[in-house]
Amino acid sequence: MNDGGVWKDMPTIDLVREAQSGQSDARDELFKRYSDRVLGIVRARIGPRLRRNVESGDIAQEALIEALQSLDRFETRGESSLIRWLATIVQNRISARAKYFGAERRSSAREIALDGLGNEHESSIDPPARVNTPSLEVRNAEEQGLVEECLHELPENYRELILMRDYAGSSWEEVAESIGSASPDAARMMHTRARTQLGKLLQSRGVT
């Protein structure tokens with residue numbers, strides 16, 4: 001029987017296989033090991049508009065739970081394939097939330113318009129309350145929000161580079177494989193350009 005230390009020290013691929021075989025402790029360790037990475041992926045992709053309506057941590061938890069529930073269907077090819085699979089689940093969750101809140105806004109707008117038609121003598125209609133969700137990173141919430149805004153202004157390939165390396169913690173070999181780069185060195189050089197452009201965007205907003 002494995003103890004907690006064995007699971008903690010086990011390579012990710014072996015841990016996935018153990019989890020797929022039904023080891024609940026292995027699944028728990030996977031959840032712990034990838035929680036921060038998945039949260040980072042959410043924060044890099046969620047966008048400022050949706051962030052006002054839902055916490056990044058909620059989407060990250062939903063994505064992790066979905067991943068663990070469907071882990072049996074994941075085909076193990078390496079840690080980079082696991083990260084890409086998790087990122088796909090995150091994106092699907094974000095898209096679903098965005099679709100929901102988009103539909104909700106349209107519904108609210110129709111209700112306000114119809115209400116206005118039935119109350120012609122009223123001078124004004126109060127707009128729906130704006131939902132503000134505090135950042136999970138409360139120690140530096142303002143700068144965290146600016147970083148995420150600037151990330152969304154980057155070209156998609158630059159954003160994915162930073163996501164894979166800085167948020168997901170992937171190795172250069174995994175990054176190169178994920179983005180289809182010729183080599184880890186080429187991926188590293190492109191990452192430097194991406195970080196330089198991100199730095200310029202942040203400086204324009206007063207973040208140094």
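**Exercise 1. The largest cavity**

Task: Find which helices each supply at least two residues of the lining of the largest cavity, and give the class make-up of that lining.

Solution.

Step 1. The helices are α3 (24-45), α5 (56-69) and α6 (79-117). Helices here are DSSP runs of H or I with at least four residues, strands are runs of E with at least two, and both are numbered from the N terminus. The model is predicted, so local features need pLDDT of at least 70 and side-chain atom pairs count only at pLDDT 80 or more, while totals for chains, interfaces and linings use all residues. Residues are numbered from 1 along each chain as its sequence is written, and side-chain values use heavy atoms, with hydrogens and water left out.

Step 2. Fix the search rule. A cavity is a set of points, on a 1 Å grid over the protein atoms alone, where a 1.4 Å probe fits but cannot get out; lining residues have an atom within 4 Å of a point. Grid points are joined across faces, edges and corners, and a volume is the space filled by probe spheres set on the points.

Step 3. Apply the rule. The search gives 1 cavity of 30 Å³ or more, and the largest cavity holds about 80 Å³ of space.

Step 4. List the lining: Leu30, Phe31, Tyr34, Leu64, Ala67, Leu68, Leu71, Leu82, Trp85 and Leu86.

Step 5. Sort by class. Ala, Val, Leu, Ile, Met, Phe, Trp, Tyr, Cys and Pro count as nonpolar, Asp, Glu, Lys and Arg as charged, and the others, Gly among them, as polar. The lining then has 10 nonpolar, no polar and no charged residues.

**Exercise 2. Geometry and burial of α5**

Task: Compare the reach of α5 with its expected span, and state where its buried residues fall around the axis.

Solution.

Step 1. The expected span is 1.5 Å times one less than the number of residues. With 14 residues, α5 reaches 20 Å from its first C-alpha to its last, close to the 20 Å expected.

Step 2. Select the buried residues, taking buried as under 20% relative accessible area, exposed as over 50% and partly exposed as in between (1.4 Å probe, protein chains only). In α5 they are Ser56, Gly57, Ile59, Ala60, Ala63, Leu64, Ala67 and Leu68.

Step 3. Look down the axis of α5: the buried residues fall within an arc of 165°, so they line one face of the helix. The arc is that of the directions from the helix axis to the C-beta atoms.

Step 4. Set this against the general rule: an α-helix has 3.6 residues a turn, so residues three or four places apart point the same way.

**Exercise 3. Salt bridges between separate parts of the chain**

Task: State how many salt bridges the whole structure has, and place the pairs Arg97 and Glu62, Arg84 and Glu177, and Glu153 and Arg205.

Solution.

Step 1. Count pairs in which a side-chain nitrogen of Lys or Arg is within 4 Å of a carboxyl oxygen of Asp or Glu. The search finds 10 salt bridges.

Step 2. Arg97 and Glu62 meet at 2.4 Å, N to O. Arg97 is in helix α6 and Glu62 in helix α5, 35 residues apart. Glu62 is partly exposed, at 24% relative accessible area.

Step 3. In the pair of Arg84 and Glu177, the closest N and O atoms are 3.7 Å apart. Arg84 sits in α6 and Glu177 in α9 (residues 172-179), 93 residues apart. Both are partly exposed: Arg84 has a relative accessible area of 29% and Glu177 one of 48%.

Step 4. For Glu153 and Arg205 the closest N and O atoms are 2.3 Å apart. Glu153 lies in the loop between α7 (141-151) and α8 (156-167) and Arg205 in the segment after α10 (184-204), so the pair ties together parts 52 residues apart in sequence. Glu153 is partly exposed at 44%, as is Arg205 at 31%.

Step 5. Look for shared partners: Glu62, Glu66, Arg93 and Arg97 are joined into one network.

**Exercise 4. Helix α2 and Phe74**

Task: Give the C-alpha separations from Phe74 to Gln20 and to Val16, and classify the accessibility of Gln20 and Val16.

Solution.

Step 1. Gln20 belongs to helix α2 (residues 12-20), as does Val16.

Step 2. Gln20 and Phe74 are 54 residues apart along the chain, with their C-alpha atoms separated by 8.8 Å. Val16 and Phe74 are 58 residues apart in sequence and 9.1 Å apart in space, C-alpha to C-alpha.

Step 3. Gln20 is partly exposed at 24% relative accessibility, whereas Val16 is buried at 1%.

Technical notes:
On a 1 Å grid over the protein atoms alone, a cavity is a set of points where a 1.4 Å probe fits but cannot get out, and a pocket is an open set with protein on both sides within 12 Å along at least five of seven lines; lining residues have an atom within 4 Å of a point.
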